[in-house]
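Trainee: Please take one part of this model and go through it closely. I would like the surroundings as well as the part itself.

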Amino acid sequence: MDKQKYIEQANRLSGFNAHNGIEVVEFDDEHCTVIGKISEKAMNPFEMAHGGFVYSLCDVAAGVIISREGHPGVTLNSNMHFLHPSRGTVLRAEGRIVKKGRTVSVIETEVYDDNDRLTAVGTFEIYAL
C-alpha cells in the first residue's frame, strides 16, 4: 500500500482519533507525525490540552509506526514527561523507533505546540500482534 493510502486508512479506521481531532499526517519506516486540534473538548480546566489528549497523540504515533509493518500493535508500557503546558490550536507529536524487536519495539515521542516548543516526551513499548 502506498504512503497516501496508508495515511487515509489509518485516519479512517480509528473512531477514537476522528472523535478527538487526531490525524496521522506523515510516516516512514522509522518515524510518524500526528497532529491534534486542541478544541474545548481536549482542554483541561486550566485552559491547556488535557494530559490524556497529549498522551493519546503519542500513543497513536507509536502505534502507527509498528502497524505500518503489517502487524497491528498495542501499548504494553509507557512513560510520559509533561514539560510545559500544551497550548495553542494544534499539537504535533513526532514518534521514532528506538529499538525494533521481533514482537516488542520501543518508540520515543515528542510533542510540540504551535510555536515548536517541546511540551512533552514519552517512551512507549509496543507489542506487535
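Mentor: What follows is a close look at helix α3, then at the core, pockets and contacts around it. Keep in mind that the model is predicted.

Start with the helix itself. α3 covers residues 51–67. Its 17 residues should span 24 Å at 1.5 Å a residue, and the end C-alpha atoms are 24 Å apart, so expectation and model agree. α3 is mostly covered, with 12 of its 17 residues buried. The buried set begins with Phe53, Val54, Ser56, Leu57 and Cys58. Val60, Ala61, Ala62, Gly63, Val64, Ile65 and Ile66 complete it.

Now the core. In soluble globular proteins, nonpolar side chains tend to be buried together. Here the largest nonpolar core has 31 residues. Val24, Cys32, Val34, Phe53, Leu91 and Ile107 touch the most other members. At least two residues of this core come from each of α1, β1 (22–27), β2 (31–37), α3, β4 (90–99), β5 and β6 (118–128). α3 provides the largest share, 10 residues.

Three residues outside the helix show how it is packed. Take Val34. Beyond four places in sequence, Val34 touches Leu57, Val60 and Ala61, among others. Its contacts also include Ile22, Glu23, Val24 and Val25. Leu91, Arg92 and Ala93 are on the list too.

Next, Ile38. This residue sits in the loop between β2 and α3. Ile38 counts as buried because its relative accessibility is 14%, and the cut-off for buried is under 20%. Phe53 is one of its contacts beyond four places in sequence. The others are Met43, Ala49, Ser86, Arg87, Gly88, Thr89, Val90 and Leu91. Look at Leu91 in particular. Ile38 and Leu91 are 53 residues apart in sequence, yet their C-alpha atoms are 7.2 Å apart in space.

Then Thr109. Strand β5, residues 104–112, holds this residue. Thr109 is buried, at 1% relative accessible area. Cys58 is among the residues it touches beyond four places in sequence. Glu94 and Gly95 are contacts of Thr109 as well, as are Ala120, Val121, Gly122 and Phe124.

The pockets also involve the helix. The largest pocket has a volume of about 360 Å³. Its lining counts 17 residues, and Tyr6, Ala10, Gly63, Val64 and Ser67 lie nearest its centre. The elements giving two or more residues to that lining are α1 (3–13), α2 (15–19) and α3. The largest share, 5 residues, comes from α3. By class, the lining has 8 nonpolar, 8 polar and 1 charged residues.

The second largest pocket holds about 160 Å³ of space. Among its lining residues are Gly52, Phe53 and Ser56. Phe16, His19, Asn20 and Gly21 also line this pocket, together with Lys37, Ser39, Lys41, Ala42 and His50. α2 and α3 each supply at least two residues of the lining. α3 gives the most, with 3 residues. The classes here are 3 nonpolar, 7 polar and 2 charged.

Put the pieces together. α3 makes the largest contribution to the largest nonpolar core. α3 also has the largest share in the lining of the largest pocket, and it gives the most to the lining of the second largest pocket. Phe53 deserves a second look: it is buried, it is named among the core residues that touch the most other members, and it lines the second largest pocket.

Conventions: Residues are numbered from 1 along each chain as its sequence is written. This is a predicted model: local features need pLDDT of at least 70, side-chain atom pairs count only at pLDDT 80 or more; totals for chains, interfaces and linings use all residues. Side-chain values use heavy atoms; hydrogens and water are left out. On a 1 Å grid over the protein atoms alone, a cavity is a set of points where a 1.4 Å probe fits but cannot get out, and a pocket is an open set with protein on both sides within 12 Å along at least five of seven lines; lining residues have an atom within 4 Å of a point. Grid points are joined across faces, edges and corners, and a volume is the space filled by probe spheres set on the points. Helices (H or I, at least four residues) and strands (E, at least two) are DSSP runs, numbered from the N terminus. Ala, Val, Leu, Ile, Met, Phe, Trp, Tyr, Cys and Pro count as nonpolar, Asp, Glu, Lys and Arg as charged, and the others, Gly among them, as polar. The expected span of a helix is 1.5 Å times one less than its number of residues. Buried means under 20% relative accessible area, exposed over 50%, partly exposed in between (1.4 Å probe, protein chains only). Contact means heavy atoms within 4.5 Å. A nonpolar core is a set of buried Ala, Val, Leu, Ile, Met, Phe, Trp, Tyr and Cys residues joined through side-chain atoms within 4.5 Å.
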